[in-house]
Amino acid sequence: MLSITKIFRFEAAHAISCYDGKCKNIHGHSYELHVTVTGKTLNDSNMLIDFKDMKKVVQEFVINDFDHALMLKQNDKNKSSSSLLDTKILWLDEEPTAEYMLIEILKRIETQFPKNITLKRLKLHETATCYAEWEME
Ligand SMILES: [Zn+2]
């Protein structure tokens, strides 16, 4: 089956508060998100979806919130320690690991595409050599 992929980049900081090691400190990554969609039928322009329409969805539902944000799990400890920070905080239900970020991104975009296409794969690089991946079953 045909599929297309678009790659997005954003900068974000996070801290894994439950982690016993240096990732519990606030630090940043240049994230790279690969979004792959698939479908059986092409639209009137012989495309699964215009890349610019993919960009619109990911920009609106992911990048606008994640880019240059500090991602933190919503808990009392993080709430009180970040209360003096004058910064953009993206509060998440779980620790902002690459894996959980993918679950959050999936939730935000899976229903936003036209009916002829389906989200097939998401890949989120935290560094050049480390990434998490989600694939449609
Ligand atoms: Zn990290």
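In strand E2, the residue that serves as bridge partner of Lys-6 is Val-35, where strands (E, at least two residues) and helices (H or I, at least four) are DSSP runs numbered from the N terminus. The model in which this pairing is found is predicted, so that local features need pLDDT of at least 70 and side-chain atom pairs count only at pLDDT 80 or more, whereas totals for chains, interfaces and linings use all residues. Residues are numbered from 1 along each chain as its sequence is written.

The chain as a whole comprises three helices and six strands, and these follow one another along the sequence in the pattern β-β-α-β-α-β-α-β-β. Its C-alpha trace spans about 50 × 25 × 20 Å along the principal axes. Of the contacts in the chain with a separation of 6 or more, 60% are accounted for by residues 24 or more positions apart, two residues being in contact if their C-beta atoms, placed from the backbone, lie within 7 Å.

The six strands form an open sheet with mixed pairing, in the order E4-E3-E1-E2-E5-E6; two strands pair if DSSP finds at least two bridges between them. Strand E4 (89-92) and strand E6 (131-135) are the edge strands, each of which pairs on one side only. On average, and with direction ignored, neighbouring strands of this sheet are turned by 30° against each other, the axes being lines fitted to C-alpha atoms, for helices over the stretch in contact, with angles running from 0 to 180 degrees between N-to-C directions.

Strand E1 pairs with E2 in the antiparallel sense over 13 bridges, and besides the pair of Lys-6 and Val-35 one finds Phe-8, whose bridge partner in E2 is Leu-33. E1 is also joined to E3, in this case by three bridges and with the two strands running parallel; here Ala-12 stands opposite Ala-69 in E3. Strand E2 (residues 27-39) is in turn joined by seven bridges to strand E5 (residues 118-125), the two running antiparallel, and Val-35 has Leu-122 as its bridge partner in E5.

Helix H1 (residues 51-66) packs on this sheet, where it touches strand E1 (2-14), E2, strand E3 (69-73) and E4, and its direction makes about 20° with that of E1. The helix has a kink of about 50° centred on Gln-59, the bend at a residue being the angle between axes fitted to the seven residues ending there and the seven starting there. Met-54, Val-58, Val-62 and Phe-66 of H1 are buried, a residue being buried if 20 or more other C-beta atoms, placed from the backbone, lie within 10 Å of its own, exposed if 12 or fewer do, and partly exposed in between. An α-helix has 3.6 residues a turn, so residues three or four places apart point the same way. The buried residues of H1 pack against E1, E2, E3, E4 and H3. Helix H3 (residues 98-109), for its part, lies across E2, E4, E5 and E6 and runs at about 150° to E5.

These elements meet in the nonpolar interior. The largest nonpolar core, meaning a set of buried Ala, Val, Leu, Ile, Met, Phe, Trp, Tyr and Cys residues joined through C-beta atoms within 7 Å, has 18 residues, and those with the most contacts inside it are Leu-33, Val-35, Ile-105, Leu-122 and Leu-124. Two or more residues are given to this core by each of E2, H1, E3, H3 and E5. Ile-105 touches Leu-33, Val-62 and Leu-122, if residues up to four places away in sequence are not counted. In the chain of 137 residues, 17% count as buried.

One buried residue is a histidine: His-14, found in strand E1, is buried because 26 other C-beta atoms lie within 10 Å. Residues up to four places away in sequence again being left out, His-14 touches Leu-70, Met-71 and Pro-96. The C-alpha atoms of His-14 and Lys-40, 26 residues apart along the chain, are separated by 38 Å.

Two loop residues deserve a look at their backbone. Most residues other than glycine have a negative phi, and most peptide bonds are trans. Asn-46, in the loop between E2 and H1, has a positive phi of about 60° although it is not a glycine, and Asn-46 is exposed because 6 other C-beta atoms lie within 10 Å. His-68, in the loop between H1 and E3, likewise has a positive phi, near 55°, and counts as exposed because it has 12 C-beta neighbours inside 10 Å.
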